[in-house]
Amino acid sequence: ILYLHGGGYVMGSVATHRSLIGRLVRACGVRCLALDYRLAPEHPFPAGIEDACAAHRWLLSEGIPASGIVIAGDSAGGGLTLGTLVALRDAGERLPAAAVCISPLADLEQTGDSSTRGDIDDPMVSRDGTFVMADAYLQGSAARDPRASPIHADFTGLPPLRIEVGTREILLDDAKRVAARARAAGVEVELELGEGLTHVWQLHPHLPESAASIARIGRFVSKHLG
C-alpha cells in the first residue's frame, strides 16, 4: 500500500496517521510505504501529486509490480489518491491494482449539496476551514484542475476504487459524485456510506464502526492483490 495521509494539504503526517495506517496494513496483510509528501503553503499544488507519483515510480523501480500496489488515502489524501491516478494515467504510466479513498476531499470549490445543507453537523471538517486550506494549497492554480478536484476528472481506464464516507460529512457529495463519474466511465466502484458517521471515523480505533471499515478495506485490498 502506498498511503497518503489527510490534513487538508497543509497539515498531518505519517506520525498523525500511524495508528490508522498500522491497523489498515494489518488487515490487508501487506507492507506499506506511508508518504510524508510536501505540504502547503510552502509547497503548493501540484507538489503533493508530484511526490505521490514519484513514490509510485520508486516502488516500481524496486521491483514491485504495479499489480502488487494499492494507493490509499484519507480526506485530502483521498483526493490526492484520485489525483495521482489521473496524473499517472495521463502520463501513460502503469497504474496500481486498485485504490482506496476514505472520506475523500475531491472538490476544492465545495459545490456539493452536503457542503451547504444545514443538517450536516460534522465536527471534524467545516466548509470555511476547507476553503482556507484549499486557498493555501492552490495559490492561484485552478480549483477545477482534475488533479486538484477529481470530481472534474475523466476516470476512464482507472483501476477499481473503494470509497467510504460518512453521512454526516460535508464531503458526502464529493464521494458520491466521484463514484458516479467513475462508474459512468466503466470503473469498478465500491461505495460505502457510513450511516451517522463523521469525517474519517477510521481514525478512532475505539469505534466498532472503525474496526468494521478497516476489515472491509482489508478484504477489498486482498481481493485485488490476489
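This note sets out, point by point, the strands, salt bridges and pockets of a predicted model.

1. Strands S3 and S4. Strand S3 covers residues 70-74, and Ala72 has its place there. With a relative accessibility of 2%, Ala72 counts as buried. S3 pairs with S4 in the parallel sense, over 5 bridges. Within this pairing, Ile71 has Ala99 in S4 as its bridge partner. Together with helix H3 (residues 76-90), S3 and S4 make a right-handed β-α-β unit.

2. The setting of S4. Strand S4 consists of residues 98-102. Of its 5 residues, 5 are buried, so S4 is largely enclosed by the rest of the structure. The covering applies to both faces of the strand: Ala98, Val100 and Ile102 lie on one side, Ala99 and Cys101 on the other, and all are buried. This division follows a general pattern, in which the side chains of a regular strand alternate between the two faces of the sheet.

3. From S4 to S5. S4 and S5 are paired in the parallel sense over 4 bridges. Two positions may serve to locate the pairing in the model: Ala99 stands opposite Leu161 in S5, and Val100 has Arg162 as its bridge partner in S5. S4, helix H4 (residues 127-138) and S5 form another β-α-β unit, and this unit is right-handed.

4. The setting of S5. Is strand S5 enclosed or open, judged by how many of its 6 residues are buried? The count is 6 of 6, so S5 is largely enclosed by the rest of the structure. One side carries Leu161, Ile163 and Val165, while the other carries Arg162, Glu164 and Gly166; all of these are buried, and both faces are thus covered. Charged side chains therefore appear among the buried residues of S5, Arg162 being one of them at 6% relative accessibility. The C-alpha atom of Arg162 is separated by 9.2 Å from that of Ala72, although the two residues are 90 positions apart along the chain.

5. From S5 to S6. Strand S5 (residues 161-166) and strand S6 (residues 189-194) run parallel and are joined by 6 bridges. Between them the chain passes through helix H5 (residues 172-184), and this β-α-β crossover is right-handed. In the pairing, Arg162 stands opposite Glu190 in S6.

6. The pair Arg162 and Glu190. The side chains of these two residues also meet in a salt bridge, at 2.7 Å from N to O. Arg162 lies in S5 and Glu190 in S6, so the contact ties together parts that are 28 residues apart in sequence. Which of the accessibility classes applies to Glu190? Its relative accessibility is 23%, and Glu190 therefore counts as partly exposed. Arg162, in contrast, counts as buried, because its 6% falls under the 20% limit.

7. The pair Glu192 and Arg216, and the network. Glu192 forms a salt bridge with Arg216, and the closest N and O atoms are 3.8 Å apart. Since Glu192 lies in S6 and Arg216 in helix H6 (residues 208-225), this pair ties together parts that are 24 residues apart in sequence. Glu192 counts as partly exposed, with 26% relative accessibility. Through shared partners, salt bridges join Arg162, Glu164, Glu188, Glu190, Glu192, Arg216 and Lys223 into one network.

8. Other salt bridges. Over the whole structure, the search finds 16 salt bridges. Among them is the one between the side chains of Arg89 and Asp90, at 2.7 Å from N to O. Asp90 is exposed, with a relative accessible area of 55%.

9. The largest pocket. This pocket holds about 260 Å³ of space. It is lined by 18 residues, and those nearest its centre are Gly7, Gly8, Ser75, Val125 and His199. By class, the lining comprises 9 nonpolar, 8 polar and 1 charged residues.

10. The second largest pocket. Here the space is about 210 Å³. Of the 13 lining residues, Ile1, Arg31, Cys32, Leu59 and Ile64 are the closest to the centre. The lining of this pocket divides into 10 nonpolar, 1 polar and 2 charged residues.

Key. Residues are numbered from 1 along each chain as its sequence is written. This is a predicted model: local features need pLDDT of at least 70, side-chain atom pairs count only at pLDDT 80 or more; totals for chains, interfaces and linings use all residues. Side-chain values use heavy atoms; hydrogens and water are left out. Two strands pair if DSSP finds at least two bridges between them. A crossover is right-handed if, with the strands pointing away from the viewer, the path from the first strand over the helix to the second runs clockwise. A salt bridge is a side-chain nitrogen of Lys or Arg within 4 Å of a carboxyl oxygen of Asp or Glu. Buried means under 20% relative accessible area, exposed over 50%, partly exposed in between (1.4 Å probe, protein chains only). On a 1 Å grid over the protein atoms alone, a cavity is a set of points where a 1.4 Å probe fits but cannot get out, and a pocket is an open set with protein on both sides within 12 Å along at least five of seven lines; lining residues have an atom within 4 Å of a point. Grid points are joined across faces, edges and corners, and a volume is the space filled by probe spheres set on the points. Ala, Val, Leu, Ile, Met, Phe, Trp, Tyr, Cys and Pro count as nonpolar, Asp, Glu, Lys and Arg as charged, and the others, Gly among them, as polar.
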